[in-house]
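Biologist: I'd like to learn how to read a model like this one, feature by feature. Could you walk me through it?

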Amino acid sequence: MKSISIKTGSQFDTINITAQIQNLVGDSGIAEGLVHIFVPHTTAAVTINEGADPSVVKDIMKELGKIVPLRDDYLHMEGNSAAHIKSTLVGASEVVMIENGSLVLGTWQAIFFCEFDGPRNRKVFAKIFEG
Ligand code: ZN
C-alpha cells in the first residue's frame with residue numbers, strides 16, 4: 001500500500017490529487033490494472049469530477065452544505081456531524097483503471113480529496129493491482 005499526505009487549508013476544501021495518484025501509479029511500474037484510492041478519515045472523502053473548471057467542485061461543496069446543514073439537532077457531541085454525513089454521502093474510496101501506466105479518466109475528470117472538517121493533516125491510501 002502507498003500513501004500521500006495532504007494538509008487541508010480550511011474547514012471545507014477540495015484538493016486535486018490526480019497528479020499525486022498518477023505518480024504513485026508511475027512509481028509502481030504497473031502498466032495495466034486498477035488503483036484503489038481510500039480515505040481513512042470519517043470527515044473527509046474522495047470523488048471524481050471536473051478538474052478543468054474549479055467552480056465545479058466549489059458548487060458541489062456549496063450544495064452539499066445546503067443538503068447537510070452545519071447545525072441541526074445532531075446527537076454526536078463533537079459538533080461535526082455535518083462533516084461525518086458529507087463523508088458518507090461522497091464516499092471514502094474510488095477505483096480507477098490503469099492503461100499503459102496512466103490513469104484512465106475522462107477528458108474533464110480529476111480525482112479530488114474533499115475536506116469537510118479542516119484544516120487538518122490528512123492521508124490518502126492507494127493500493128495498485130496489476131491485471
Ligand atoms: Zn465527530
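Modeller: Sure, strands first. Strands (E, at least two residues) are DSSP runs numbered from the N terminus, as are helices (H or I, at least four), and two strands pair if DSSP finds at least two bridges between them. For ground rules, this is a predicted model, where local features need pLDDT of at least 70, side-chain atom pairs count only at pLDDT 80 or more, and totals for chains, interfaces and linings use all residues. Residues are numbered from 1 along each chain as its sequence is written, while side-chain values use heavy atoms, leaving out hydrogens and water.

Biologist: Okay, so what is the strand order in the open sheet?

Modeller: In general, strands of a sheet pair through backbone hydrogen bonds, either parallel or antiparallel. Here, five strands make an open sheet in the order 1-8-3-5-6, paired antiparallel. Strand 1 (2-7) and strand 6 are the edges, each pairing on one side only.

Biologist: How many bridges join strand 3 to strand 8?

Modeller: Six, and those two strands run antiparallel, with strand 8 covering residues 121-130. For a spot to look at, I37 stands opposite A126 in strand 8. Strand 3 also pairs with strand 5 over six bridges, again antiparallel, and G33 has I98 of strand 5 as its bridge partner. Strand 5 (residues 93-99) meets strand 6 through two bridges, one partner pair being E99 and S102.

Biologist: Which residues of strand 3 are on the covered face?

Modeller: The general idea is that side chains in a regular strand alternate between the two faces of the sheet. In strand 3 (residues 33-38), G33, V35 and I37 make the covered face, and L34, H36 and F38 the uncovered one.

Biologist: Which residues join L34 in the nonpolar surface patch?

Modeller: A patch takes residues with over 30% relative accessible area and no salt bridge, joining like charges within 9 Å and nonpolar side chains (Val, Leu, Ile, Met, Phe, Trp, Tyr) within 5 Å. A salt bridge is a Lys or Arg side-chain nitrogen within 4 Å of an Asp or Glu carboxyl oxygen. Areas are Shrake-Rupley with a 1.4 Å probe, and for residues only the protein chains shown count as cover. L34 is joined by V95, M97, V104 and F129, with about 430 Å² of accessible area together. V104 sits in the loop between strand 6 (102-103) and strand 7 (109-115).

Biologist: And which residues hold the zinc ion as donors?

Modeller: Donors are N, O and S atoms within 2.8 Å of the metal (3.2 Å for Na, K and Ca), and water isn't among the atoms, so sites may look incomplete. The protein donors are H76 (NE2), E78 (OE), N80 (OD1) and H84 (NE2), 1.9 to 2.2 Å from the zinc ion. Along the chain, their spacing reads H-x1-E-x1-N-x3-H.

Biologist: Is N80 buried or exposed?

Modeller: Buried means under 20% relative accessible area, exposed over 50%, and partly exposed in between (1.4 Å probe, protein chains only). N80 is buried at 7%, whereas H76 is partly exposed at 36%.

Biologist: Where should I check for backbone oddities?

Modeller: Try N100, in the loop between strand 5 and strand 6. N100 has a positive phi of about 55° without being a glycine, and is exposed at 67% relative accessibility. Then look at G118 and P119, joined by a cis peptide bond with omega about -5°; P119 belongs to the loop between strand 7 and strand 8.
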